[in-house]
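Biologist: Could you take a close look at one part of this model for me, the small open sheet and whatever packs on it? A few words on the backbone elsewhere would be welcome too.

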Amino acid sequence: MKRTATAATAALLLLSLSACGGSARAGDGNTVTITVGYQSKTINTVTAGTLLRSLGYFEQQLNALHDGHTYKVDWQDYATGAPITAQMTAGKIDIGSMGDFPLLLNAARGKQLGRPTRLVSVTGYNLRGGLNTVVTAPDSKLTSLTDLKGKKVSTSIGSAADGTLVRALQRAGIDPDKGISKLNQQPAVGASALSAGSVDALSQFVAWPGLLAYQGKAKVLYDGAQLNLPTFHGVTAREDFAQQRPAVLEAFLKAQAKATDYLNAHPLTAAEKVAEATGLPAEVVYLYNGAHGIATFDPAVKPALVSALKQDVSVLKAAKLTGDVDVDSFVDDQYAKKAFGSTDYAQRLAAAPPASASEVWAKGSEKTTSFATPEELLAYVAKHSGGIRAAYVPDATTHTLWFADKAVWVADGGQLLPFVTQATALGYVDAHDGAQVLSYADALRRAS
């Protein structure tokens, strides 16, 4: 009987150590592996993935727990949020990061399978929706979203970029189900399809649109910020993991906050680190993650983002990708509040995105130079031809940052105004007598 009782006790102990379903798993009894799912090339998740991993902050926080365990982190890289959700609901990933629409699918799938998850923090966000973009080939004759009617469009169904596409088409009076031929493709596949001419447009999330534009393989047809609806990426954790290892989750959130502060304090260095880890050009990383980049990084779960998440549910329901999602029960920032402290969390919650600004990254420089107006940036670039690594300007209407040499420029009196898309530039010209579209070279000449 004593031997049986001992065996039963050992079995219960083993069960408790492996209760996280094969992720937060025990190795030799004292070693615990925490599995983190992330998307290295979705670069507005870097504070919970690529940058965090390169800095080693999570491992440092785990080592500081001193709870009798030795912790190891298994970082698993994916292209989209869907496989992370699949692994989480199978009990094989403890913590994951993904976009707003995938987060809702994560919540719905977790509840459906009895593996509930919780949104515990935010990585990068844009209050207008600028993280998602529709692009076409550089020589495409398509000039506005209405031109997509009857065309082939690649996107990742269920992604934030798909949500932007659906909403944008609806506003343009196009049925997102019947008005276009939608291809469900991974971002890299869609990018190749666009280059090959097998699709007419690509709707994707950061950093694909910026990368393709930078490489001269695409031009922007629609800037997601035209929707003026917040979009973001966040961190989700399995509920059972959070309850069983709250100290570990809090360690992750402390590490994320530290990585966020590092990115905000050293944006160029952070961009270089992410570029090295992903193979993306640092100039593209900085477009999104820079001091005035398209993404703002803050781990606090802001009410405006929760409100946007609730609005996203209807889009997913209409696409029959999910039923109702109880967003209020899915959002759980108690761990972040405890990890940061009430005062720090309140300050992060109240923080606003930085004001938009034009920036130049000079070759060999370890910092960028900011300018009050696009004209001042152009004048600087004209005087330093050959010495510029990248120049960025905010769209005159949406404030979405874009590459100065890829923007559509408009001259209006003494003003030189940049736009991300041709459609918005032409809209401005139509509304302002005397305004005219001009080339980047002409804009440089006028400013010099």
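Modeller: Happy to! Two strands count as paired if DSSP finds at least two bridges between them, and the elements themselves are DSSP runs numbered from the N terminus, helices being H or I over at least four residues and strands E over at least two. Please keep in mind that this is a predicted model, where local features need pLDDT of at least 70, side-chain atom pairs count only at pLDDT 80 or more, and totals for chains, interfaces and linings use all residues. Residues are numbered from 1 along each chain as its sequence is written, and side-chain values use heavy atoms, with hydrogens and water left out.

Now to your sheet. Strand β17 (residues 408–412) is joined to β18 by 5 bridges, and the two run antiparallel. One residue to look for is Val410, whose bridge partner in β18 is Leu417. The whole open sheet has 3 strands in the order β18-β17-β19, with antiparallel pairing. Its edge strands, β18 (415–419) and β19 (436–438), each pair on one side only. From one strand to the next, the twist averages 35°; for such angles, axes are lines fitted to C-alpha atoms, for helices over the stretch in contact, and values run from 0 to 180 degrees between N-to-C directions.

Two helices pack on this sheet, where contact means heavy atoms within 4.5 Å. Helix α18 (residues 422–431) touches β17, β18 and β19, and its direction makes about 10° with that of β17. Helix α19 (residues 440–447) also touches β17, β18 and β19, but its direction makes about 100° with that of β19.

As for the backbone elsewhere, the loop between β15 (388–394) and β16 (401–403) holds His399. The phi of His399 is near 70°, a positive value in a residue other than glycine. With 47% relative accessibility, His399 is partly exposed; on this scale buried means under 20% relative accessible area, exposed over 50%, and partly exposed in between, using a 1.4 Å probe and protein chains only. Lys320 also has a positive phi without being glycine, near 60°. Lys320 sits in the loop between α13 (303–318) and α14 (327–330), and is exposed at 73% relative accessible area.

One more backbone detail is the cis peptide bond from Val206 to Ala207, with omega near 10°. Ala207 lies in the loop between β9 (201–205) and α8 (208–214).
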